[in-house]
Structures are given as structure tokens and as C-alpha cells.
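Student: Before I start reading this structure, could you help me understand how each label is justified?

Tutor: Gladly; let us take the labels one at a time and set each value beside its cut-off.

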Amino acid sequence: MSAAPDDLLIQLIDLIDRLRDETADYLDKPGDQQLWYNRGYANGMVLALQALGDAAALGERRPDDPDVLGAQLALPWGKAYRHGEAVGRQETFDVTGNTPS
């Protein structure tokens, strides 16, 4: 797998930041499935960029702590989070021209 080109990487990181800013209070809003989906999408992007070798470019951006999500993942909004995470990860691989392993 190859790292994302610099200009694309900047765009992807900007999207991660925007989504995380917009979803900062997702834990306080159980039931808002769109909010949880968007947060999961950003998390999936972070996971994909790490897998592509772009961890250094992510700086302090880390995946969400699964322990914080806990039992929420079994609920509808937690499932929305996981779906968003899967889509965000896959689409990040797609736009960078890579295949997930």
C-alpha cells in the first residue's frame, strides 16, 4: 500500500477535522444516528490513513477509544457508528487508489 499524495492527504485530514469538530458531542447524543455515523466515518478515515502509512501526517489524531464506545455499539446509533467507520475506511482506500488488507 502506498501513502496518499500530499494534496489529497491534506484534504482527507481536513475532512477528518471537520467531521470530528461537528461530532465532538456525539457521546452526549445517543440516538442521533447521523451524528454517530459521521463520527464513525471520521474514525474509519483515521484507521485507513494509519494503515496506509500516513500516521505521522495525522499528528495527534488517533482512533476513537473503543472502551469509551462500550455497550453503545450494540445499539442502533452504535451500529450507525460502525457502519460509518466501515464506509469511511473503504472510501479512504478507494480515493487513494489502495486496496484494504
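Student: What phi does G97 take, just after α5?

Tutor: In this predicted model, G97 directly follows α5 and takes a positive phi of about 75°. A glycine with positive phi also follows α2, where G53 has a value near 90°.

Student: How do you know that the span of α5 agrees with what its 21 residues should give?

Tutor: The expected span is 1.5 Å times one less than the number of residues, and for the 21 residues of α5 this should come to 30 Å; because its end C-alpha atoms are 30 Å apart, the two agree. For α2, with 19 residues, the reach from the first C-alpha to the last is 27 Å, close to the 27 Å expected.

Student: Why is E85 called buried?

Tutor: Buried means under 20% relative accessible area, and E85, which is placed in helix α5, has 11% relative accessibility, so it counts as buried. Leaving out residues up to four places away in sequence, E85 touches G40, Y41, N43, G44 and L47. The C-alpha atoms of E85 and G40 are separated by 4.1 Å, although these residues are 45 apart along the chain.

Student: And why does E91 count as partly exposed?

Tutor: Partly exposed lies between the cut-offs of 20% and 50%, and the 36% relative accessibility of E91 falls there, so the residue counts as partly exposed. E91 also lies in helix α5, and its C-alpha is 9.0 Å from that of G44, with their positions 47 residues apart in sequence.

Student: Which elements do the buried residues of α5 pack against?

Tutor: They pack against α1, α2 and α4, and among these buried residues are W77, Y81, V87 and F93. In α2 the buried residues include L35, W36, M45 and L49, and what covers them includes α1, α3, α4 and α5.

Student: How is the packing of α2 with α5 described?

Tutor: Two packed helices are described by the angle between their axes and the distance between the axes. The axes of α2 and α5 cross at roughly 35° and come within 6 Å, and this crossing is right-handed. The residues of the contact divide into 14 nonpolar, nine polar and four charged.

Student: What angle and axis distance belong to α1 and α2?

Tutor: Those helices pack at an angle of about 145°, with their axes 9 Å apart, and their crossing is left-handed. The residues that meet include L12, I16 and L19 in α1, and Y41, M45 and L49 in α2. That contact divides into 12 nonpolar residues, two polar and three charged.

Student: What makes a group of residues a nonpolar core, and how many residues has the largest one here?

Tutor: The group must consist of buried nonpolar residues joined through side-chain atoms within 4.5 Å, and the largest such core has 16 residues, with I16, M45, L49 and L58 having the most contacts inside it. At least two residues of this core come from each of α1, α2 and α5. L58 is in contact with I13, I16, V46, L49 and Q50, when its neighbours within four places in sequence are left aside. A second core, separate from this one, has seven residues, including L35, W36, L69 and Y81.

Notes: Residues are numbered from 1 along each chain as its sequence is written. This is a predicted model: local features need pLDDT of at least 70, side-chain atom pairs count only at pLDDT 80 or more; totals for chains, interfaces and linings use all residues. Side-chain values use heavy atoms; hydrogens and water are left out. Buried means under 20% relative accessible area, exposed over 50%, partly exposed in between (1.4 Å probe, protein chains only). Helices (H or I, at least four residues) and strands (E, at least two) are DSSP runs, numbered from the N terminus. Contact means heavy atoms within 4.5 Å. Axes are lines fitted to C-alpha atoms, for helices over the stretch in contact, and angles run from 0 to 180 degrees between N-to-C directions. A crossing is left-handed if the near helix is turned anticlockwise from the far one by less than a right angle, and right-handed if clockwise. Ala, Val, Leu, Ile, Met, Phe, Trp, Tyr, Cys and Pro count as nonpolar, Asp, Glu, Lys and Arg as charged, and the others, Gly among them, as polar.
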